[in-house]
Amino acid sequence: MSQAEAAAGAREASVSSGTGGIARRRVFALLGSELGTLFRRRRTIAMLVALAAVPVLIAIVVRVTGAGSSGRGPAFLGAITDNGLFVAFTALVVCIPLFLPLTLGVVAGDTIAGEAGLGTLRYLLVAPTGRLRLLIVKYVGVLAFALAATVVIVLAGIGIGALLFPIGPVTLLSGDTVDAAGFFVRTALLACYVALSLTSLGAIGLFISTLTTVPVGAMAATVVLAGVSQILDQLPQLDWVHPWLFTHYWLGFGDLLRDPVVWDSYGQNALLQLGYVTVFGALAYARFATKDILS
Amino acid sequence: MSALAGAPRASRAIGISGLTKRFGRQLAVDGLDLDVPRGSVYGFLGPNGSGKTTTIRMLLGLTEPTAGEVELLGERMPRASAAVLPRVGALVEGPAFYPYLTGRANLSRLDAADPRSVASTRRQRVADALERVGLTHAADKKAHAYSLGMKQRLGLAGALLRERELLVLDEPSNGLDPQGTREVRSLVRRLADDGATVFVSSHLLSEVEQLCSHVAVMRAGRLVASGSLEELRATGGHEAVVSTPDAGAAASVLVSLGLEPSVTGDVVVAPLQEAMAPEAIVAALVAADVRVRGFQITSPSLEDRFVALTGEGFDVAG
């Protein structure tokens with residue numbers, strides 16, 4: 001527990017003298033340990049590396065084949081040869097339907113069920129970690145992973161794009177051009193949008209994770225739900241239900257690439273995600289607060 | 001609570017009354033009443049499956065009782081978990097760790113999970129706990145590389161991260177070799193000498209017998225005996241053992257005295273009734289011309305008592 005712990009320790013040392021020290025320490029010590037454990041775990045690192053490999057793969061394929069704008073393939077693919085920065089966008093579009101929910105499902109499904117499966121859950125609770133505190137810390141860990149996964153794709157995309165292709169001012173969907181600073185602001189907004197889109201799935205995974213002591217089951221169920229939601233979203237017969245599906249706005253970040261930025265889908269997505277997080281967070285707490293820990 | 005009137009609050013580390021846990025149609029724990037005095041080393045004995053671990057889970061607030069009350073260090077559980085549990089070290093149903101973390105990192109995480117533990121002294125606390133269980137040399141190995149005995153020690157180290165008033169240890173010697181078992185025993189004794197109350201569950205009588213001042217015996221979810229070791233020994237009946245070549249004659253004398261003897265070769269054994277003086281038996285035997293070569297009053301071993309109470313000698317589910 002070296003760096004994350006030390007960082008958490010330093011933070012604690014600076015607040016523990018005040019009266020609010022105890023309360024804040026409660027949050028930070030376990031959170032630091034959780035994040036340290038999560039991001040030093042080989043599985044987490046492997047998933048992040050796999051996500052980073054997506055833009056690299058795309059860039060290399062485009063570079064080697066020299067395929068320009070044929071008009072087919074995922075959005076932004078055709079623009080890559082003109083501007084390497086579009087590798088990041090292309091990779092995000094490719095990862096959103098499957099790879100991001102898959103990796104997030106692994107982390108979210110593992111939260112409580114993983115601890116229960118190992119038997120460490122009983123020791124955390126006897127330590128004692130309050131059940132609500134543990135849920136919150138676990139969920140923050142999921143959010144951190146969602147953000148890290150998105151940022152990794154974007155950074156790897158920008159890096160490999162700059163390496164293999166010319167880069168320059170980015171032409172937006174609205175036809176306007178933005179400079180480097182404008183591009184980075186939009187990219188940051190986009191990464192936040194994608195991470196935000198995953199908060200509902202994280203909460204669903206957290207809830208499912210409280211139902212079982214078999215982490216693989218919780219992971220699979222979470223990923224399957226993401227798939228089901230996307231399939232339902234494609235059936236025109238069910239269009240009345242589409243705005244309520246947590247995956248509905250996942251690819252709706254195009255508005256961020258216009259000038260001026262259109263915030264409608266950002267707002268609607270945020271509201272929908274908040275609704276899902278509230279409902280499934282409450283369900284997770286209701287289930288976990290009274291659960292008999294028998295593992 | 002009037003039901004918890006067994007001993008004054010301050011002198012009791014654990015108070016359990018009417019504790020019941022039902023899983024579906026099965027009663028895992030059935031109306032358990034138990035008082036564990038402070039400063040005692042209390043053995044919680046019973047075959048596997050007799051409800052010991054379920055009781056411990058309810059003690060620690062991991063499981064909600066179906067009925068009954070639990071008091072830990074004078075406070076009601078599970079309501080007072082946050083205040084009480086930092087003063088309690090626990091080993092529940094075997095140790096459990098993150099296999100991909102080192103022993104040291106595992107303890108550090110456990111320590112961080114306790115909101116009252118101060119981060120700046122964490123490193124030292126973890127090192128001290130490892131030292132106490134003799135794991136310093138393996139502290140930086142990943143936990144999955146630990147042997148069963150090392151895991152057990154690491155589990156004990158987790159229970160000893162802080163000064164504890166009460167230690168609840170579920171089968172602490174499980175998986176340890178004889179040397180390790182001895183070390184655990186001396187560790188528990190040291191803890192008790194330092195004033196901690198130790199509540200040890202075990203299905204092994206020998207372990208409890210060597211460690212504990214008090215003992216409670218469970219069978220199929222019910223308490224069948226409890227008290228100090230001496231009390232438990234004394235409640236078992238004594239037996240008269242007569243060695244004689246005239247076994248048949250001796251047996252009939254004993255029958256005439258109202259006993260129920262059994263004959264094995266030259267030895268006649270009869271459970272004694274409380275009011276009967278041993279010398280009266282000898283006198284009766286001699287008067288009937290039985291050649292008495294040996295006469296002995298034996299107290300049953302604790303093991304005999306254990307088997308009699310639990311109905312089994314082997315550690316199978318009851």
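**Close-up views of a predicted model**

**View 1. The end of helix H11 in chain B.** Let's start where a helix stops: right after H11(B) comes Gly311(B), and its phi is positive, near 75°. Keep in mind throughout that this is a predicted model. Now look back along the helix itself, which covers residues 302–310 of chain B. Which of its residues are buried? They are Leu302(B), Arg305(B), Phe306(B) and Thr310(B). These buried residues span an arc of only 110° around the axis, so they end up on the same side of H11(B).

**View 2. An open sheet in chain B.** Here you can follow 4 strands of chain B, lined up in the order E2-E1-E4-E5. The pairing is antiparallel, and the sheet is open. Which strands sit at the edges? Those are E2 (26–37) and E5 of chain B, each of which pairs on one side only. Going from one strand to the next, the twist averages 25°. A helix joins the picture too: H1 of chain B (residues 52–59) packs on the sheet and touches E1, E2, E4 and E5 of chain B. Its direction makes about 115° with that of E1(B). As background, strands of a sheet pair through backbone hydrogen bonds, either parallel or antiparallel.

**View 3. Strand E1 meets strand E4 in chain B.** Zoom in on the sheet and you'll find E1 (residues 12–23) and E4 (residues 67–72) of chain B running antiparallel, joined over 5 bridges. Want some partners to look for? Ile14(B) has Leu72(B) as its bridge partner in E4(B), and for Gly15(B) the partner in E4(B) is Glu71(B).

**View 4. A hairpin in chain B.** E4(B) also pairs with strand E5 (residues 75–77) of chain B, again in the antiparallel sense, over 3 bridges. Leu72(B) finds its bridge partner in E5(B), namely Glu75(B). How many residues lie between the two strands of this hairpin? There are 2 residues between E4(B) and E5(B), and Leu73(B) in the turn has a positive phi of about 50°.

**View 5. Leu232 in chain A.** Over in chain A, Leu232(A) belongs to helix H10 (residues 215–232). Leu232(A) counts as partly exposed because it has 16 C-beta neighbours inside 10 Å, while 20 or more would make a residue buried and 12 or fewer would make it exposed. What does it touch, leaving out residues up to four places away in sequence? Leu232(A) touches Leu238(A), Val241(A) and Leu245(A). Try finding Phe246(A) as well: it is 14 residues from Leu232(A) in sequence and 11 Å away in space, C-alpha to C-alpha.

**View 6. Two domains of chain A.** Chain A splits into domain 1 (1–40) and domain 2 (42–289). Where they meet, 7 residues of domain 1 of chain A are in contact with 9 residues of domain 2 of chain A. On the domain 1 side of that contact, you'll count 5 nonpolar residues, 2 charged ones and no polar ones.

**View 7. Chain A against chain B.** In this last view, 31 residues of chain A are in contact with 26 residues of chain B. On the chain A side, helices H1 (3–15), H2 (21–40) and H6 (120–126) each supply at least two residues. Which element gives the most to this side? That's H2(A), with 7 residues. Sorted by class, the side of chain A that touches chain B has 14 nonpolar, 9 polar and 8 charged residues.

Notes. Residues are numbered from 1 along each chain as its sequence is written. Chains are lettered from A and ligands numbered from 1 in the order in which they are written. This is a predicted model: local features need pLDDT of at least 70, side-chain atom pairs count only at pLDDT 80 or more; totals for chains, interfaces and linings use all residues. Domain bounds come from an automatic or database domain assignment. Two residues are in contact if their C-beta atoms, placed from the backbone, lie within 7 Å. Ala, Val, Leu, Ile, Met, Phe, Trp, Tyr, Cys and Pro count as nonpolar, Asp, Glu, Lys and Arg as charged, and the others, Gly among them, as polar. Two strands pair if DSSP finds at least two bridges between them. The arc is that of the directions from the helix axis to the C-beta atoms. Axes are lines fitted to C-alpha atoms, for helices over the stretch in contact, and angles run from 0 to 180 degrees between N-to-C directions.
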